[in-house]
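Let's take a friendly walk through this structure, one piece at a time. Have the viewer open, and turn the model as you read.

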Amino acid sequence: MWQARLIMLVMINIAQLWILAATVDAALARHYSVLLPLVIASGVCFVITLSIIKWWRPTSRMKTSSGYVREDR
Amino acid sequence: MSKNPSDESDVRTATAPFQAEFPYDRDEEAQVTRREFCNFLGLTSAALFAGAAGFAAKAALDARESVSPAAARIDGAGSLAPNSSLNFSYPTERDSAILIRTADGAYHAYGQKCTHLSCPVYYARESQRLECPCHEGAFDAATGDVLYGPPPRPLDAIEVEMRDGQIWAIGRNPSAKDRG
């Protein structure tokens with residue numbers, strides 16, 4: 001379903017916004033030990049976004065689960 | 001003859017009298033497809049990741065390039081009475097600071113910027129603590145730790161030492177969330 005993809009992408013973007021805010025706060029507080037985990041978390045979110053866009057294809061009634069086009073009977 | 005479900009001619013005919021009040025050309029209205037929106041969200045995700053990584057890299061670089069500030073004498077500190085304070089600048093003119101002599105005679109110095117939203121803190125003699133007038137935050141005069149209010153971390157501590165009867169500021173330690 002397209003809606004599921006869009007909702008998940010929006011939620012991941014919101015999560016990345018929170019991570020960016022935490023990164024800025026940690027940098028201003030000179031709390032350097034948490035910067036790398038925050039950047040890794042943001043990277044993981046980006047990888048998940050890419051995987052959703054590239055590989056999660058909406059199902060179609062015209063195609064079977066293995067990708068063949070159904071015959072119109 | 002069956003009507004095409006996507007035929008909007010009836011709707012347009014019905015809304016024609018109101019078009020004059022809200023004139024816009026529906027055909028020229030930009031249409032965003034779901035695929036385009038998905039791609040936009042992907043680009044946004046990439047931009048947010050790049051922003052976080054860039055900000056963290058710059059902060060790490062600035063930390064490596066930081067230079068210890070030179071020592072500076074605090075004028076007027078020698079005559080400071082107990083339970084009173086003195087404003088000065090350290091390490092540069094733009095870095096406001098406050099020197100406190102507590103009731104027991106000890107000297108403590110901190111950066112004057114509140115860690116909440118950078119309002120200048122002042123020394124309250126009655127309560128013997130540093131207070132922020134903007135959002136009612138307070139800091140311990142002896143340690144700079146947050147006592148109450150919205151400030152997220154302690155004040156920047158400035159190291160002071162006595163040299164020939166004069167008070168000298170010899171270093172500035174940025175505050176950190178974890179202490180000890």
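**A walk through the two chains**

Start with one pair of residues: B:L130 stands opposite B:F139 in strand β7 of chain B. Keep in mind as you look that this is a predicted model. The two strands around this spot are β6 (residues 129-132) and β7 (residues 137-140) of chain B, which pair in the antiparallel sense over 4 bridges.

Now widen the view a little. These strands belong to an open sheet of 4 strands in chain B, with the order β5-β6-β7-β8 and antiparallel pairing. At its edges you will find β5 (122-124) and β8 (146-148) of chain B, each of which pairs on one side only. From one strand to the next, the twist averages 40°.

Chain B also has an open sheet of 6 strands, again with antiparallel pairing, and here the order is β1-β10-β9-β4-β3-β2. Which strands stand at the edges of this sheet? They are β1 (72-73) and β2 (84-89) of chain B; each has a single partner strand, so one side of each is left without a neighbour in the sheet. For β1(B), you can trace the pairing with β10 (residues 166-173) of chain B, which is antiparallel and runs over 2 bridges. Look there for B:R73, whose bridge partner in β10(B) is B:W168.

Step back to chain B as a whole. It holds 2 helices and 10 strands, and from the N terminus on, the two helices come before the strands, in the run α-α-β-β-β-β-β-β-β-β-β-β. Of its 180 residues, 24% count as buried. Among the contacts in chain B with a separation of 6 or more, 34% are between residues 24 or more positions apart.

Finally, bring chain A into view. Here 22 residues of chain B are in contact with 28 residues of chain A. The side of chain B that touches chain A has 15 nonpolar, 4 polar and 3 charged residues.

Helices take part in this meeting of chains: the axes of α1 (residues 2-28) of chain A and α2 (residues 34-65) of chain B come within 9 Å and cross at roughly 15°. That angle is under 35 degrees, which makes α1(A) roughly parallel to α2(B). The crossing of α1(A) past α2(B) is left-handed. Sorted by class, the residues of this helix contact are 19 nonpolar, 6 polar and 2 charged.

Definitions and conventions:
Residues are numbered from 1 along each chain as its sequence is written. Chains are lettered from A and ligands numbered from 1 in the order in which they are written. This is a predicted model: local features need pLDDT of at least 70, side-chain atom pairs count only at pLDDT 80 or more; totals for chains, interfaces and linings use all residues. Axes are lines fitted to C-alpha atoms, for helices over the stretch in contact, and angles run from 0 to 180 degrees between N-to-C directions. Angles under 35 degrees count as roughly parallel, over 145 as roughly antiparallel, 65 to 115 as roughly perpendicular and the rest as oblique. A crossing is left-handed if the near helix is turned anticlockwise from the far one by less than a right angle, and right-handed if clockwise. Ala, Val, Leu, Ile, Met, Phe, Trp, Tyr, Cys and Pro count as nonpolar, Asp, Glu, Lys and Arg as charged, and the others, Gly among them, as polar. Two residues are in contact if their C-beta atoms, placed from the backbone, lie within 7 Å. Two strands pair if DSSP finds at least two bridges between them. A residue is buried if 20 or more other C-beta atoms lie within 10 Å of its own, exposed if 12 or fewer, and partly exposed in between; C-beta atoms are placed from the backbone.
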